[in-house]
Amino acid sequence: MTAIVDYGVGNLFSLESSFAAIGEQARVTSDPEIILAAERVILPGVGAFGDAAEKLRNTGLDRAVTAAAEAGKPLMGICLGMQLLFEKSFEYGEHAGLGLLKGVVRPIREILEETGADPERQLKIPQMGWNALRFCRDNPLLSGIREGDYVYFVHSYAATGCGNSLLADTEYGTYLTACVGQGNVFGCQFHPEKSGNVGLNILKSFCAMGGGAA
Amino acid sequence: MITKRIIPCLDVRDGRVVKGVNFQGLGDVDSPVRLAKYYSDCGADELVFYDITASAEGRALFTDILTETARQVFIPLTVGGGINTVADFDRVLKCGADKVSVNSGAIRNPSLIGQAAKKYGDQCVVLSVDVKRVDGVFRVFARGGRDNTGLEALEWIRRGVGDGAGEVVVNSIDTDGVKQGFDLEMLEAVCRVAKVPVIASGGAGKTEDFLTLFHRIPGVDAGLAASIFHFGEVRISDLKRAMAEAGIPVRI
């Protein structure tokens, strides 16, 4: 069973439905015991980093998620949930993340300015829509999809300095972090539950990973 | 590279898909859930469900259909129609919508966009505008294109985006249902003021209309249409192949 962590951020109906569609058991929960008993954990999230990090801490679920990761359970953050896995974010100030992965989350606007992205392309913020994946490292998470497959993004911030955890990126003026993974901790900046069959195949690969059943 | 999106729109009344020509003369097409699944399989990048139901029974039917669709279809789903309050946002988001589009509701209550964006995030709020030229000025129309609000459309859009709308759907009443192509002049004007994704709606009659749209107005992110897809005049898979051949970035 996969626990989908419910800490009051975003709508989890589609995520839950996508697990049902691939024939995997998933449970939306805010109970730390269920999270710790699950074989694997999904940390979802939409909205602002600061608010979400605060909600995660106020509910005490930050400890449950960290404990699950430390116990070796496959953990995957999605969208803002992925950003929360990093050390910190510069979204409206500076906020600490869970620090499970090395790297910081920064505004796409700044990243584009620094990398000298072509202003003629008039890239909009947020990046909203389907973009292709470029693979950076082999990983079982990507075993069911191909380089160049399209996935659905909605984000104004992106993770930087991910080092060896960078699995795939996507071209948006420059290359932005799309997918990360190190050991049992994974993250997708895009929404696998909204990325058609490609997204469902990523979730299948995640579910095929060795569980840390309690 | 980010792709241009093709979005079929399903007008739903009492649980069935309908499409108005110039907003009148509605005719039944198919089951919304089946149609949504079919479009997703054909390569639609996103779906819009537009609830044109008036009754409470019809509204309950609509949320049932939405839930069933979100169970089976794994591409972004936008819902519009009858969205007047933050509680309406809540109602459709719980049933699996990813984005909510506001039109007349924002005209009646201009603070709605800001309230919803604060609660659900900008990415969730779509400003949908029905626009028609009146004496050479783009004016916002309400109630499905029946009432001239007197609002100047470009100013209304600038304000909506400033309040937190993360995307704008521009429906040209002048070209809607006529099938002679999108309203390029209107869309170009909107792209100059809106720095968020812009979705073109109204006027698509054939594949070339989409190619012209994306070639001529690079600021447009997506093309939306209803009847030409429903009646099979343009097949989404063929359209996307034609876009790729024409050098337009597209998901295939």
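User: What makes up chain A in terms of helices and strands?

Analyst: Chain A has 7 helices and 14 strands. Both are DSSP runs numbered from the N terminus: helices are H or I with at least four residues, strands are E with at least two. By the way, this is a predicted model, where local features need pLDDT of at least 70, side-chain atom pairs count only at pLDDT 80 or more, and totals for chains, interfaces and linings use all residues. Residues are numbered from 1 along each chain as its sequence is written, while chains are lettered from A and ligands numbered from 1 in the order in which they are written.

User: Why is chain A called as compact as a globular protein of that length?

Analyst: The radius of gyration, taken over C-alpha atoms, is set against the globule rule, 2.2 Å times the number of residues to the power 0.38. Chain A comes out at 16 Å, close to the 17 Å the rule gives for 214 residues, so the label fits.

User: How do you know that S3 and S4 of chain A pair?

Analyst: Pairing takes at least two bridges found by DSSP. Strands S3 (residues 40-43) and S4 (residues 75-78) of chain A have 3 bridges and run parallel, so they pair. In S4(A), A:Gly77 is the bridge partner of A:Leu43.

User: What makes S2 and S9 of chain A edge strands?

Analyst: The open, mixed sheet of 8 strands goes S2-S1-S3-S4-S14-S13-S12-S9 in chain A. Strands S2 (26-29) and S9 (134-135) of chain A each have a single partner strand, so one side of each lacks a neighbour in the sheet.
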